[in-house]
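Please open the structure in your viewer and keep the selection panel at hand, since this tour moves from one selection to the next and says what is found at each stop.

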Amino acid sequence: MPRSLTLTPPRQAAPAAVRRAVDSDRRRTSASVILRSVLEHGPVARSTIARLTGLSPASVTDYCARFAELGLIREASAPRRSNGVGRPHVPVDLDDSRFVVGGVHVAVPYTTVALLDLRGRVVAERRLDHEGTAPERLLANAADGLDALLAGHPAATALGVGVATGGWVDRDSGTIVEHPLLGWRDVAVREAVGARTGLPVHVDGHARALVNAERLFGRARGSRSVLHLFVGNVVDAAFATNDEVHHGPRSQAGAIAHLPLAGGTERCACGRTGCLQAELSERTLCARARAEGVGGTDD
Ligand SMILES: [Zn+2]
């Protein structure tokens with residue numbers, strides 16, 4: 001008699017802890033979807049948000065009440081009458097007057113620190129030239145730079161800090177795994193900046209951070225998929241599909257620095273010749289331009 005084999009485990013109720021985690025994920029996702037909808041379409045009626053997001057009107061109203069309490073959104077001033085019947089549709093919009101986030105970008109020659117409002121607009125910015133690249137000192141200077149900017153905006157409340165750099169950045173552990181141009185290896189950025197600022201810190205590779213910013217605030221707003229290629233002192237890429245920026249195992253998606261370029265002649269720090277980053281980086285292009293006599297004198 002033939003026996004059938006099933007690969008699906010018997011259904012059973014998920015343990016309470018798992019259910020709670022799933023519920024909390026769902027709440028986080030709904031919250032983020034609604035806030036993004038307000039960011040993109042505001043001022044916007046709650047009924048429109050429900051239609052755009054597929055969430056129930058009751059749920060949208062509930063979230064909006066909570067966001068208003070937190071000071072993240074507010075009712076727009078002029079209510080729109082719906083033909084004089086029923087309740088007026090009071091649109092909601094992002095409240096960009098109270099909160100800021102800190103941004104830190106560590107480039108090779110300098111670090112930029114900035115404050116941004118909830119619409120991603122730069123409120124204040126300062127460039128800190130590197131005296132050295134020792135991570136402790138550099139990150140402490142960045143945190144102090146943010147403090148100084150915040151001191152200049154006493155009415156603003158900081159929600160958190162985003163730190164972006166080139167190199168290999170592991171978002172989950174908040175660590176810069178490797179950044180050869182800075183000479184960094186396993187630098188616990190989230191811990192260092194968090195301890196100094198007392199704020200939640202998100203760390204990511206600069207290409208992924210850029211794609212995220214473009215999706216939320218820039219030209220790629222509303223696109224389902226984005227591919228971004230970065231060529232500077234480092235060469236890397238980032239991509240988003242189905243509204244999600246890909247990280248890959250240990251955040252290595254988009255690591256293209258050491259792809260071999262056919263016919264390449266430049267020695268790479270990794271020991272091979274002709275890696276994409278060695279061939280295309282700003283340093284190489286500038287050195288070649290100088291060798292060809294392009295550009296002015298450089299002292
Ligand atoms: Zn290489």
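Begin with the face of helix H5 that is turned away from its buried side, where Glu191 and Ala195 are the exposed residues to select. Bear in mind throughout that this is a predicted model.

Now turn to the other side of H5, which spans residues 189–197, and select Val189, Val193, Gly194 and Thr197, which are buried. Looking down the axis of H5, one finds these buried residues within an arc of 110°, and they therefore line one face of the helix. To see what this face packs against, show helix H4 (135–151) together with the strands S6 (157–165), S8 (175–179), S9 (184–188) and S10 (201–205). Just past the end of H5, select glycine 198, whose phi is positive, at about 70°.

Next, go to helix H6 (residues 206–217) and select arginine 208 within it. Is this arginine buried or exposed? Arginine 208 counts as buried, because its relative accessibility is 6%, which lies under the 20% limit for that class. Its side chain makes a polar contact of 2.8 Å with the side chain of aspartate 204, and the side chain of arginine 208 also reaches the backbone oxygen of alanine 253, at 3.2 Å. If neighbours within four places in sequence are set aside, the residues in contact with arginine 208 are Val169, Ala238, Val245, His246, His247, Ser251 and Ala253.

From there, select the zinc ion. Which protein atoms are its donors? They are ND1 of His258 and the SG atoms of Cys268, Cys270 and Cys275, at 2.0 to 2.4 Å from the ion. Along the sequence, these donor residues follow the spacing H-x9-C-x1-C-x4-C. The arrangement of the four donor atoms is tetrahedral, because the angles they subtend around the zinc ion run from 101 to 117°. Two of the cysteines are worth selecting separately: cysteine 268 is buried, with a relative accessible area of 11%, whereas cysteine 270 is partly exposed, at 38%.

Finally, colour the protein by pLDDT, which averages 87, with 87% of the residues scoring at least 70. Over residues 1–12 the pLDDT falls below 50, and this stretch has zero contacts in the model beyond near neighbours in sequence. Confidence is lowest in helix H1 (residues 16–41), where the mean is 79, and highest in strand S4 (residues 110–116), at 98.

How values were computed:
Residues are numbered from 1 along each chain as its sequence is written. This is a predicted model: local features need pLDDT of at least 70, side-chain atom pairs count only at pLDDT 80 or more; totals for chains, interfaces and linings use all residues. Side-chain values use heavy atoms; hydrogens and water are left out. pLDDT is the predictor's confidence in each residue, from 0 to 100. Helices (H or I, at least four residues) and strands (E, at least two) are DSSP runs, numbered from the N terminus. Contact means heavy atoms within 4.5 Å. Donors are N, O and S atoms within 2.8 Å of the metal (3.2 Å for Na, K and Ca); water is not among the atoms, so sites may look incomplete. Four donors count as tetrahedral if all angles lie between 85 and 135 degrees; four count as square planar and six as octahedral if opposite donors are over 155 degrees apart and all others between 65 and 115; anything else is irregular. Buried means under 20% relative accessible area, exposed over 50%, partly exposed in between (1.4 Å probe, protein chains only). The arc is that of the directions from the helix axis to the C-beta atoms. A polar contact is a pair of N or O atoms within 3.5 Å; within protein, one must be able to donate a hydrogen and the other to accept it, and residues adjacent in sequence count only if both atoms are side-chain atoms.
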